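Welcome, and thanks for opening your viewer. Let's take a short walk through this model, one selection at a time.

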Amino acid sequence: GWYLNDEYGPKEIPQVAARYKAVKELDPDHITNSVLYENTVIGLYNDTSDIIGTDPYDWRNSSTTTSIHYTLNSITDVVDAYANAPDRSTLCVTQMHNRGLYPHNVGNTEPPYAVKLAMAMMQPMLGCRGQLQYSYFDQLRMLKDGHDVPADPATVDRRFAEMYNVTHTVDANIPFFLGENRHEFVKVISNPGYVTWSVWARSTASQRLYLINGNVTQAEIKLTYDNGSELTFDLGPWEYKQVDL
């Protein structure tokens, strides 16, 4: 395929749209892809690419909670913008490079494994149809005394083990995410807020509930069916949980 747009802003949409039209005329058998951070206006890019992507950071802002909320918003913005566009698909490109080089991260630290898993699973949970982890190369780097240096072998081994576990968890759930997004509950209460949830069904008899706590503290979520029965879960900080219903 063709990578047409890496974060060109709205002012460049006419040029990018012209490029997309030319590529589709010259090579109609291959897809085109774009990645943007302009998620609040991402619907304007409909005529610029077959696949419209966003590039969330998982540990970038002033606090863990605000970072997770930003990622949630960037995903829902692109998913909602193209929900009724059958000839378009969506992509989330997790910015892994800030896990190795993190001068702007929360507490100037690498995100813990729980955040890496929560961020990766949040993307298909909310309806994004594709995922890239960007990039493997950056897992070989680290900051030491403010300098970019090769990461030590133990750090590299840990990062790649975590990456394997994250991608394996996503992969194992693909049959559900390719199924139907169900709205099973009539009432959802979480304390504190910012617990993300969804239900995906790969068949009538096989449904799975997905939960993520986007808080730095313990959270409780209560989900109520229309018949009055309830499900209650306690989730630790940034905890991801999947439950077969």
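Throughout this tour, two residues are in contact when they have heavy atoms within 4.5 Å of each other. Please keep in mind that this is a predicted model.

**Stop 1: the whole chain.** Begin with everything shown as a cartoon. You should find 6 helices and 14 strands. The C-alpha atoms fill a box of roughly 55 × 50 × 30 Å along the principal axes. A compact globule of 245 residues would have a radius of gyration near 18 Å, and the chain's 19 Å agrees with that. Switch on a surface if you like: the chain exposes about 12200 Å², with carbon and sulfur atoms supplying 54% of it. Of the 245 residues, 48% count as buried. Among contacts with a separation of 6 or more, 63% join residues 24 or more positions apart.

**Stop 2: helix α4.** Now select residues 113–125, which form helix α4. Its 13 residues reach 18 Å from the first C-alpha to the last, close to the 18 Å expected at 1.5 Å a residue. Is this helix enclosed or open? Because 11 of its 13 residues are buried, α4 is largely enclosed by the rest of the structure. Show side chains for the buried set, which includes V115, L117, M119, M121 and M125. K116 and Q123 also belong to the buried residues of α4. Just after the helix, click on G127, which takes a positive phi of about 110 degrees.

**Stop 3: Q131.** Move on to strand β5, residues 131–134, where Q131 is found. Q131 has a relative accessible area of 25%, so it is partly exposed. Which residues does Q131 touch, not counting those up to four places away in sequence? They are L91, C92, A120, Q123, P124 and V170. Of these, A120, Q123 and P124 are among the buried residues of α4. Zoom in on the side chains: Q131 makes a polar contact with Q123 at 2.9 Å and another with Q133 at 3.0 Å. For a longer view, add Y57, which is 74 residues from Q131 along the chain, with 13 Å between their C-alpha atoms.

**Stop 4: S34.** Finally, select strand β2, residues 32–36, and pick out S34. Its relative accessibility is 1%, so S34 counts as buried, under the 20% cut-off. Leaving aside neighbours within four places in sequence, show what S34 is in contact with: Y3, L4 and N5, then T48, S49, I51, I52 and G53.

Definitions and conventions: Residues numbered from 1 in each chain as written. Predicted model: local features only at pLDDT ≥ 70, side-chain atom pairs only at ≥ 80, totals over all residues. Heavy atoms only, no water. Helix = DSSP H or I, 4+ residues; strand = E, 2+ residues; numbered from the N terminus. Expected span 1.5 Å × (residues − 1). Buried < 20%, exposed > 50% of the residue type's maximum accessible area, 1.4 Å probe, protein only. Polar contact = N/O pair within 3.5 Å; in protein donor to acceptor, adjacent residues only side chain to side chain. Rg over C-alpha atoms; globule rule 2.2 N^0.38 Å. Areas by Shrake-Rupley, 256 points an atom, 1.4 Å probe, with all protein chains shown as cover.
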